[in-house]
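Colleague: I am new to this structure and would like a close look at one part. Please take me through the place where the two chains meet, and then through whatever else helps me find my way around.

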Amino acid sequence: MSGSRRSRWWLIALAVVALALPQFAEPIVVHTAIEILIMALFAMSFNLLFDGAGLLTFGHGCYYGVGAYTAALLMTEIGMPMFPAMFAAMVMGGLVALVFGYFCVRLTGVYFSILTLAFAQLMFSVFQQSYTLTGGDLGILDIQPPAFLMAVNNYYYFTLVVVGVSFWLLWRILHSPFGRTLHASRDSVVRTQFIGINVRRYRLAAFVIAGVFASLAGALFAPFNRAVAPFLVSWVKSSDPVLMTLLGGAATFWGPVVGAAVFTTLHEVAIGYTTYWLLLMGGILLVGVLFLPGGILGFLEDRFHGAAAARGTKMTEARGASSNASAD
Amino acid sequence: MTAADVLGQFLSGLARAGVLFLIAAGLSFIFGVVKIVNFAHGALYMVGAFLTYSFRVTLGVPFWASIVLAAVCVAVIGIGMEVFLFRRVYGRPVADQLLLTFAMVLIIHDVVRLAYGSNLRSVPRPPLLAGAVFLGDVIFPSYYIFIVLTGTAVLLGFWAFLHKTRLGKTIRAAVGNREMVACLGKPLPWLFTAAFAAGVFVDGLAGAIGAPLGGIRLGMDFDIIILAFATVIVGGFGSLPGTALAAFIIGEAYAFGIWLMPAIALSLPFIIMAAVLIVRPWGLLGRSGGGEL
C-alpha cells in the first residue's frame with residue numbers, strides 16, 4: 001500500500017517536471033524529451049505484448065514504421081491535415097497488425113518471435129524497394145506539422161498530451177478483465193483454455209492494440225522528424241523497444257518509460273563520442289540479461305520494496321506487541 | 001528462355017541452397033540438442049566470411065587452408081560464447097536466451113565493423129574452381145558444383161556422425177532424455193558444448209565457402225539469419241532432411257524469382273514460410289506439435 005502511495009507521489013513529481021520542462025530547459029533538451037516520449041509509447045506498446053501477454057515480438061518496428069509512413073504519405077501526397085493523418089496511421093497500423101497477427105498468434109515461443117521478425121523484414125523490403133510509393137531508400141522528406149506545432153515547445157506539449165493519454169489507456173487496458181485474462185494466458189495457456197477462453201483471439205486483440213499504439217508513436221515521430229526512411233521499419237528499430245523494455249524492467253508498468261529515457265539519453269550522449277552504438281548497446285544488454293534480469297526499475301523496486309516490506313513487518317510486530325500489552 | 005537458361009538458373013539456385021543448408025543445418029542442430037535459438041548464427045556466418053577474406057587476401061594463405069582456418073576460428077568463438085555466456089541462461093525463460101544471443105548479434109556486428117569497416121570485400125575463387133564445366137549449351141560454374149558437393153557431404157557427414165559415432169549417438173540420446181544420459185555419467189554440459197561447436201563450425205564453413213560467391217559486407221549477418229530461420233521453419237525444427245528440402249525450395253525460389261519476377265524475389269522466402277506455417281505449422285518434415293515451444 002505504501003508502495004502505491006509512493007509511486008503516486010513519484011508520478012505527480014514526474015508530471016510537474018514534465019509540464020515545466022520547456023520553461024527551464026534548452027531546446028535541445030526539449031527535443032530529446034519529445035523523442036523519449038515517443039520511444040516510451042513505442043516501448044510500452046511492445047510491453048503490452050511482452051509482459052502483458054508473454055509474447056516476445058522481434059518485429060514491432062514494422063507497426064511503428066507503418067504509422068510513420070502512413071502519416072507521412074497522407075500529409076505530403078494529398079495534403080491531409082496532421083490529426084486525421086495520425087488517426088489514419090493508427091487505423092492502418094491496426095489493420096496491418098490484424099493481418100500479420102492473424103498468422104503470428106497461431107504460433108508461440110520462438111516461432112512467434114521469428115515470424116514477427118520475418119513479417120517486419122518483408123515490410124522493410126517493400127518500403128525500401130517501392131520507389132513510386134514510399135520513395136525507396138530515400139524515404140519521404142519535407143513533412144510539415146501544422147503551423148501552431150512548428151515550435152519545439154508546442155510539439156512537446158502536444159506529444160506529452162497524446163502520450164500521456166495513451167499511457168492512461170494502456171494502464172486501463174492492462175488492468176481491465178481483458179488485461180487480466182491476457183496475464184492469465186501468459187502464465188498458463190492450458191488453464192486459461194480450460195475455463196473456456198479463446199487464447200488465440202485474446203492474443204490477436206493484444207497484437208492489434210499494440211500495433212495501433214506503435215503506429216501512433218510512429219505517426220508522432222514523422223512530423224516531428226520531418227522525414228521518414230526505411231530505417232524506421234528495420235530490425236534495428238524493432239530491437240529498440242525490446243532493449244528499452246528490458247533495460248527499464250519489463251515486469252513493471254513504467255519500466256519501458258524508464259528504459260526509453262535512459263536509452264535515448266545514452267544514445268544522445270554516446271553518438272557524440274562513438275559510432276559503435278550497437279556494441280555499447282549489446283554490452284549493456286548482455287550485462288543486463290546476466291546480472292540484472294529485472295531491469296533498472298525491477299532492481300530498484302526489489303531494493304525499496306524489500307526495505308518497505310521489512311519496515312512493514314517491524315511495524316506489525318510493534319503493534320502486535322502493544323496490543324498484547326494492553327490485553328495484559 | 002531456353003532449357004539452358006533454366007538449367008543454369010537451377011544450378012545457381014542449388015549453389016545458394018547449399019550455403020543456406022549449411023547455415024540452417026547448424027542452427028537447427030544446435031536448437032535440437034542444446035534447445036537454444038542462436039540469433040548470433042548469422043553474425044558468426046559473417047565472421048566466417050570476413051575471416052576467409054583475412055586469411056586468403058590479407059595474409060595470402062592458400063584458399064583451402066583459409067576456409068578450414070576460418071571455420072575453426074568461428075567454432076572457437078562459438079565455444080567461448082557457449083561456455084562463458086549461454087551456459088548461464090540454460091533453464092532461464094526463452095526470452096532471456098533470445099536476448100543474450102541477440103546481444104551477441106549487436107556486439108559481433110559492431111566488432112566486425114570496427115575490424116573491417118563498412119566496405120564491400122570479395123574473395124577470388126581458387127584457380128582450380130575458377131572455370132566452368134560445359135554440358136552442351138549449359139554452363140556450370142565449377143564453384144557452384146563444389147558448393148553443392150560440400151553441402152551434400154555435410155548432410156551425409158552429419159548423419160554419419162549422429163548415427164555411427166559414439167559421441168553422435170550420445171548426443172541423440174541426450175536429445176531424447178537428458179536426465180537419463182546424465183545419470184549414465186555422461187558430461188552433459190560438454191556434450192552441449194560439442195554440439196554447439198559442431199553447429200557453429202558448419203556455420204563458419206558456410207561463411208567461408210560462400211565468401212567467393214558474392215560480396216562480403218556488413219549486414220549479410222542479418223539478411224542470412226532471417227533466411228536461415230525461414231529455412232529451418234519451412235523444413236521443420238530439428239529435421240535435417242527437412243532443412244535440406246527447405247533450403248532447396250528457398251534457394252530455387254530465389255534463383256527463379258530474381259529472374260522471372262524480380263520485384264517480389266526478396267519477399268518469396270517469407271511468402272513460402274507464411275504459407276507453410278498456415279498449412280503445417282511444424283514444417284514440411286517436422287513432427288506435429290513442434291510448433292508448441
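Modeller: I will start with the contact between the chains, then move to single helices, strands and residues.

This is a predicted model. The predictor gives the complex an ipTM of 0.85 and a pTM of 0.84.

How many residues does each chain bring to the contact? Chain A gives 29 residues and chain B gives 32 residues. On the chain A side, helix 5 (109-129), helix 11 (235-248) and helix 13 (277-291) each supply at least two residues. Helix 5 of chain A has the largest share, with 11 residues. What is the make-up of this side by class? The side of chain A that touches chain B has 21 nonpolar, 7 polar and 1 charged residues.

Stay in chain A and look at helix 8 (residues 177-187) of chain A. Here A:G179, A:L182 and A:S185 are buried. Why do they line one face of the helix? Seen down the axis of helix 8 of chain A, the buried residues fall within an arc of 120°, so they line one face. The face turned away from that buried side carries the exposed residues A:P177, A:R180 and A:D187. What covers the buried residues of helix 8 of chain A? The cover includes helix 2 (27-53), helix 7 (152-174), helix 9 (189-194) and helix 10 (199-225) of chain A.

One loop residue of chain A also deserves a look. A:D142 sits in the loop between helix 6 (131-134) and helix 7 of chain A. Its phi is near 60°, a positive value in a residue other than glycine. Most residues other than glycine have a negative phi. Is A:D142 buried or exposed? A:D142 counts as exposed, because it has 9 C-beta neighbours inside 10 Å, and the cut-off for exposed is 12 or fewer.

Now cross to chain B. A similar question of phi comes up at B:K35, where the value is near 65°, again positive in a residue other than glycine. B:K35 lies in the loop between helix 1 (3-34) and helix 2 of chain B. B:K35 has 16 other C-beta atoms within 10 Å, so it is partly exposed.

Next comes B:F192, in helix 8 (residues 188-210) of chain B. B:F192 is buried, because 23 other C-beta atoms lie within 10 Å. The cut-off for buried is 20 or more. Which residues does B:F192 touch, not counting those up to four places away in sequence? B:F192 touches B:V33 and B:V34. B:L106 is 86 residues from B:F192 in sequence, and their C-alpha atoms are 24 Å apart in space.

Chain B also has a hairpin, formed by strand 1 of chain B and strand 2 of chain B with 2 residues between them. The two strands run antiparallel and are joined by 4 bridges. In strand 2 of chain B, B:F140 is the bridge partner of B:V133. In the turn, B:G136 has a positive phi of about 65°.

Last, confidence. The mean pLDDT of chain B is 88, and 98% of its residues reach 70 or more. Among the elements of chain B, strand 1 (residues 132-135) of chain B has the lowest mean pLDDT, 80. Helix 2 (residues 41-58) of chain B has the highest, 96. Where does pLDDT stay under 50 in chain B? That stretch is residues 289-293 of chain B, for which the model has 15 contacts beyond four places in sequence. Where pLDDT is low, the predicted coordinates should not be read in detail.

Terms used. Residues numbered from 1 in each chain as written. Chains lettered and ligands numbered in written order. Predicted model: local features only at pLDDT ≥ 70, side-chain atom pairs only at ≥ 80, totals over all residues. Contact = placed C-beta atoms within 7 Å. Nonpolar A, V, L, I, M, F, W, Y, C, P; charged D, E, K, R; others polar. pLDDT = per-residue confidence, 0-100. Pairing = 2+ DSSP bridges. Arc of directions from axis to C-beta.
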